[in-house]
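Colleague: Please pick one part of this model and take me through it slowly, then show me how that part sits in the rest of the chain. I'm at the bench most days, so plain words are welcome.

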Amino acid sequence: MTDEMAGDGRDVGGWTKEIGTTGDFRRQDSAFRDRVTADGSSGFPAAAGRYHLYVSLACPWASRALLVRRLKGLEDAIGLTVVDPYRDDQGWAFRPGTVSRPGESDPLHGWSFLSEAYLASDPAFDGRVTVPVLWDTVTGRIVNNESSEVIRMLNAEFDAFATNPDVDLYPEDLRAEIDALNDRIYPEINNGVYRSGFATSQDAYEDAVTTLFDALEWLEALLAERRYLTGDRITEADWRLFMTLVRFDPVYVGHFKCNVKRIVDLPNLWAYTRDLYQQPGVADTVDLEHIKVHYYTTHPSINPTRVVPVGPQIDWDEPHGRG
Ligand SMILES: N[C@@H](CCC(=O)N[C@@H](CS)C(=O)NCC(=O)O)C(=O)O
């Protein structure tokens with residue numbers, strides 16, 4: 001069995017280690033879990049110009065980090081490099097592509113592949129090379145590659161260098177509620193679309209897609225009563241959900257077979273998605289062409305022709321009416 005084969009022998013495009021014996025998809029744990037702190041007590045002190053973020057614009061987890069960097073106004077303090085949307089067996093690459101916002105060269109080391117960052121940090125690393133990566137230019141290693149932790153650091157530890165230090169996406173009084181929302185939204189929705197799309201058995205797919213749409217209906221009802229998930233303030237929980245919602249109709253409905261309903265068929269969720277999309281700075285971080293090209297060209301087991309669909313036509317700027 002090669003690295004491209006699932007447990008049942010089918011090609012799953014490099015996700016082998018994450019396909020369970022019943023055809024279910026299980027995401028690997030992130031490997032680098034150090035913390036940047038404002039006071040430096042962790043050994044990684046916050047500073048301007050020291051840390052660099054490597055992201056894919058396609059990836060919902062990396063896009064969380066990209067967005068929090070933008071919302072906090074950390075563009076001058078934390079460097080950014082976008083990898084190419086097309087990913088083959090060699091993993092995320094730094095190369096100019098053909099999309100409107102192509103991948104970029106690595107400005108720090110001239111690397112060709114993001115795997116070089118992982119090997120520089122741990123020469124024995126043999127897991128999957130994922131985005132986002134928060135790189136430390138001083139120690140020359142990855143500080144953290146777990147987006148849920150990276151966004152907490154960007155939210156709280158870099159305020160001395162942020163142009164919007166007052167933005168707080170994880171306020172003390174809402175933490176328990178945000179954690180509870182994330183605890184359901186991550187497995188059932190954020191990862192639920194992947195569990196649907198990467199399932200290699202009918203049962204695993206149906207299980208994932210049913211759970212996914214039950215969770216979307218739960219939020220459709222919740223958002224009839226509140227503008228945002230926790231009430232009238234936008235928090236981390238909203239942005240984590242948004243990353244899946246904005247990709248849903250363009251990609252997950254078709255590519256991942258999440259086609260029970262589209263987001264445009266769920267009026268509260270659809271207006272909520274537009275409300276978030278229309279917040280200042282957000283649209284700058286969303287590149288739907290890049291997103292579609294990545295998904296449709298990168299998973300040959302799901303889309304062997306690599307043809308990228310033209311639609312759907314979506315008016316993201318339509319007034320959302322949620323005041
Ligand atoms: N737990 C990680 C997950 C990151 C992740 O899985 N990223 C995907 C892209 S959406 C990736 O880099 N995949 C690379 C691969 O499969 O080779 C996080 O949230 O940071």
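Modeller: Let's start with strand β1, residues 51–55, which is mostly covered, with 4 of its 5 residues buried. Buried here is a matter of counting: a residue qualifies if 20 or more other C-beta atoms lie within 10 Å of its own, is exposed if 12 or fewer do, and is partly exposed in between, with the C-beta atoms placed from the backbone. Keep in mind that this is a predicted model, so local features need pLDDT of at least 70 and side-chain atom pairs count only at pLDDT 80 or more, while totals for chains, interfaces and linings use all residues. Residue numbers start from 1 along each chain as its sequence is written. The element names come from DSSP runs, numbered from the N terminus: H or I over at least four residues for a helix, E over at least two for a strand.

β1 has a partner on either count you might look for, parallel and antiparallel. With β2 (residues 79–82) β1 runs parallel, joined by 4 bridges, and Val-55 has Val-82 of β2 as its bridge partner. With β3 (residues 133–136) β1 runs antiparallel, again through 4 bridges, and there Tyr-54 stands opposite Val-133. For strands to pair at all, DSSP has to find at least two bridges between them. In a regular strand the side chains alternate between the two faces of the sheet.

Follow β3 onward and you reach β4 (residues 141–144), which pairs with β3 in the antiparallel sense over 3 bridges. Leu-134 is matched with Asn-144 of β4. The hairpin that these two strands make has 4 residues between them, and Gly-140 takes a positive phi near 65 degrees.

Back at β1, the loop leading on to α1 holds Cys-59. That residue is buried, because 24 other C-beta atoms lie within 10 Å. Cys-59 also turns up at the ligand: among the 16 residues around the ligand, Cys-59, Trp-61, Thr-130, Val-131 and Ser-147 come nearest. A residue is near a molecule or strand if its C-beta atom, placed from the backbone, lies within 6 Å of it. Helices α1 (60–72) and α3 (147–156) each supply at least two residues of that shell. By type, the shell divides into 6 nonpolar, 7 polar and 3 charged residues. The sorting takes Ala, Val, Leu, Ile, Met, Phe, Trp, Tyr, Cys and Pro as nonpolar, Asp, Glu, Lys and Arg as charged, and the others, Gly among them, as polar.

α3 deserves a look too. Its buried residues are Ser-147, Val-150, Ile-151, Met-153, Leu-154 and Asn-155, and they pack against α1, β3, β4 and α7 (236–255). An α-helix has 3.6 residues a turn, so residues three or four places apart point the same way.

Now zoom out. The domain assignment, which is automatic or from a database, gives domain 1 as 51–161 and domain 2 as 172–282. Their centres, taken over C-alpha atoms, are 24 Å apart. The contact between them takes 7 residues from domain 1 and 9 from domain 2. On the domain 1 side, α1 gives the most, with 6 residues. That side divides into 4 nonpolar, 1 polar and 2 charged residues.

One residue further along is worth a stop: Leu-276, in helix α8 (residues 267–277). Leu-276 is buried because 21 other C-beta atoms lie within 10 Å. Setting aside neighbours within four places in sequence, Leu-276 is in contact with Asp-238, Phe-242 and Val-282, where contact means that the C-beta atoms, placed from the backbone, lie within 7 Å. Phe-242 is 34 residues away along the chain, yet the two C-alpha atoms are separated by 7.3 Å.

Finally, the whole chain. There are 9 helices and 4 strands, and 40% of the 323 residues count as buried. From the N terminus, the elements run β-α-β-α-β-β-α-α-α-α-α-α-α. The radius of gyration is 19 Å, close to the 20 Å that the globule rule gives for 323 residues, so the chain is as compact as a globular protein of that length. That radius is taken over C-alpha atoms, and the rule is 2.2 Å times the number of residues to the power 0.38.

Methods. Two residues are in contact if their C-beta atoms, placed from the backbone, lie within 7 Å.
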